[in-house]
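Subject: Structure handover

Hi,

Here is the structure I promised to pass on to you. Have a look at it first, and then read on for my notes.

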Amino acid sequence: MTVVTRFAPSPTGFLHIGGGRTALFNWLYARRHGGKMLLRIEDTDRERSTKAAIDAIIDGLEWLGLEWDGDVVYQFSRAARHREIAEQLLAEGKAYHCYASPEELQAMREAARKEGRSKLYNGLWRDRDPSEAPAGVKPVIRLRAPQTGETVIEDQVQGRVVWQNADLDDLVLLRSDGTPTYMLAVVVDDHDMAVTHIIRGDDHLTNGARQKHIYDALGWDVPAMAHIPLIHGPDGSKLSKRHGALGVDAYRAMGYLPTAMRNYLVRLGWSHGDQEIFTEAEMVAAFDLAHIGRSPARFDFAKLENLNGHYIRATTDPDLLAALETVLPHIAGGDALAARLSPVLRETLIAAMPGLKERAKTLVELFEASRFLWADRPLPMTEPAAALLTAEARATIGSLLPELDAVADWTASAIEAVVRGFAERSGQKLGSIAQPLRAALTGKTTSPPIFDVLAVLGRDESIARLRDQVAAAAAT
């Protein structure tokens, strides 16, 4: 048997983080077993489905590096096939026309709630003669679901789950306007696409029982089901925007690497011993359904940031610059760097990466840390940096300038030797010179090692920035 999974989002909004994890689990399970993951866009809700949402879903999957097999399947385009199955069930006596009015249905729902019953439809038209149908009313088609006994799903995450059939409705298969319902469309599509494993959120667990009724009525094999717990916030409550319930595109804009997101998402609810860091090959080789927990996973931004920092440090400097370039259109001020990314500046950024990426936990932090490399003169200063550039500090810089200007080999080690020698001769601590230098060269009080900063900026730019400070002292 070829394992076939599917990711089937509704295009009514962005690809949220829970959807990204569901897609990842489907992708990993299929790859682990040498199978296929299919992508189906469930666009039957025509009023809420949008092209922008479809594009966002596909873009998010591509950014996460989750490739699907074959063409994208659009559920709405298969409506004729869904109607065909509904009509087949009707012809076989396994479904029936229901002429209940909206008012009657509302009364049924209210009565059920008052009595504490989960079954909302009372079977009004289940056994009535069609000759009793009111004139001019277009009926829905309902499934003739079993009324006694149990419906059981041996869920590969939740275990054995049992429903009493007396509590489950005769669900609508085809609306009065001839459009298929979600329940029918999902079953028909999963069968026709030869899906063997349905891996989805546990908010669909009851849907699994209802859909099994349709499978059974059609005599089709029911795919294996695995309903994974939803993601909660760190406080255990339902995930909200303040916790991280954002679109995958928002995480890209916040500067997270797709490799880090995949690694973080796979550990949200799934475990493999104590291992936290996984290569893609390790994830594929290790992933299984048995080690998905039954309790909701908790989203933790701090853990995600730390993991992202690990991947930033582990990424080669040229690849990290390429990743930074992809995020520039999505972050404030990114267009300023994008506009001046010349071959020379690219080389400068790559040379600076070892120092820049040590402190950065996101690409946005990396971008901010790199500003001093491409900022215009006179260099903008933070308040703490400006406070370091006292008249005395600027005078020291002025005294050091000729010695720096005379450095023959403009390397970090050669520059360090000159500055250390100057500090010893002038009776100053190295830090009292290095900090004003950092402020003058970067506009900040934190940066990569100062001698690396000087080396990466180059002689001309370094000397020019230091002279700006000497000139500013003279002007006051």
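Below is what I found in it, beginning with the sheets and moving on to the helices and a few backbone details.

Please keep in mind that this is a predicted model.

Sheets and strands

Let me start with the sheet whose strands run in the order E1-E2-E3. It is an open sheet of three strands, and the pairing in it is parallel. Its edges are taken by strand E1 (4–7) and strand E3 (73–74). Each of these two has a single partner strand, so one side of each is left without a neighbour in the sheet. If you want to look at the pairing of strand E2 (residues 36–41) with E3, there are two bridges between them, in the parallel sense. For a place to zoom in, Arg-40 stands opposite Val-73 in E3.

The other open sheet I noted also has three strands, this time in the order E4-E5-E8, and here the pairing is antiparallel. Strand E4 (95–98) and strand E8 (172–174) are at the edges; each has a single partner strand, so one side of each lacks a neighbour in the sheet. On average, neighbouring strands of this sheet are turned by 45° against each other, ignoring direction. Between E4 and strand E5 (residues 140–143) there are four bridges, in the antiparallel sense, and Ala-95 stands opposite Leu-143 in E5.

There is also a hairpin to look at. Strand E6 (residues 150–155) and strand E7 (residues 159–164) run antiparallel and are joined by six bridges. The hairpin leads from E6 to E7 through three residues. Along this pair, Val-152 has Val-162 in E7 as its bridge partner.

Helices and their packing

Helix H4 (residues 102–115) is made of 14 residues. From first C-alpha to last it reaches 20 Å, close to the 20 Å expected at 1.5 Å a residue. After H4 comes Gly-116, with a positive phi near 75°.

Two helix pairs share H13, so they are nicely viewed one after the other. Helix H11 (residues 317–327) packs with helix H13 (residues 343–356) at an angle of about 115°, their axes being 9 Å apart. This crossing is right-handed. On the H11 side, the contact is made by Asp-317, Pro-318, Leu-320, Leu-321, Leu-324 and Glu-325; on the H13 side, by Arg-346, Leu-349, Ile-350, Met-353 and Pro-354. Sorted by class, the residues of this contact of H11 with H13 are eight nonpolar, no polar and three charged.

H13 also packs with helix H14 (residues 363–374), at an angle of about 130° and with the axes 10 Å apart. H13 and H14 are therefore oblique to each other, and their crossing is right-handed. Which residues meet there? From H13 they are Leu-345, Thr-348, Leu-349, Ala-352, Met-353 and Leu-356, and from H14 they are Leu-366, Ala-369, Ser-370, Phe-372, Leu-373 and Trp-374. The contact of H13 with H14 has 10 nonpolar residues, two polar ones and no charged ones.

Backbone details

Two spots in the loops may interest you as well. Arg-377 and Pro-378 are joined by a cis peptide bond, with omega at about 0°. Pro-378 is placed in the loop between H14 and helix H15 (383–388). Then there is Ala-194, a residue other than glycine with a positive phi, near 60°. Ala-194 lies in the loop between helix H5 (182–192) and strand E9 (197–201).

Happy browsing, and do write back with any questions.

Best wishes

Definitions and conventions: Residues are numbered from 1 along each chain as its sequence is written. This is a predicted model: local features need pLDDT of at least 70, side-chain atom pairs count only at pLDDT 80 or more; totals for chains, interfaces and linings use all residues. Side-chain values use heavy atoms; hydrogens and water are left out. Two strands pair if DSSP finds at least two bridges between them. The expected span of a helix is 1.5 Å times one less than its number of residues. Axes are lines fitted to C-alpha atoms, for helices over the stretch in contact, and angles run from 0 to 180 degrees between N-to-C directions. A crossing is left-handed if the near helix is turned anticlockwise from the far one by less than a right angle, and right-handed if clockwise. Contact means heavy atoms within 4.5 Å. Ala, Val, Leu, Ile, Met, Phe, Trp, Tyr, Cys and Pro count as nonpolar, Asp, Glu, Lys and Arg as charged, and the others, Gly among them, as polar. Angles under 35 degrees count as roughly parallel, over 145 as roughly antiparallel, 65 to 115 as roughly perpendicular and the rest as oblique.
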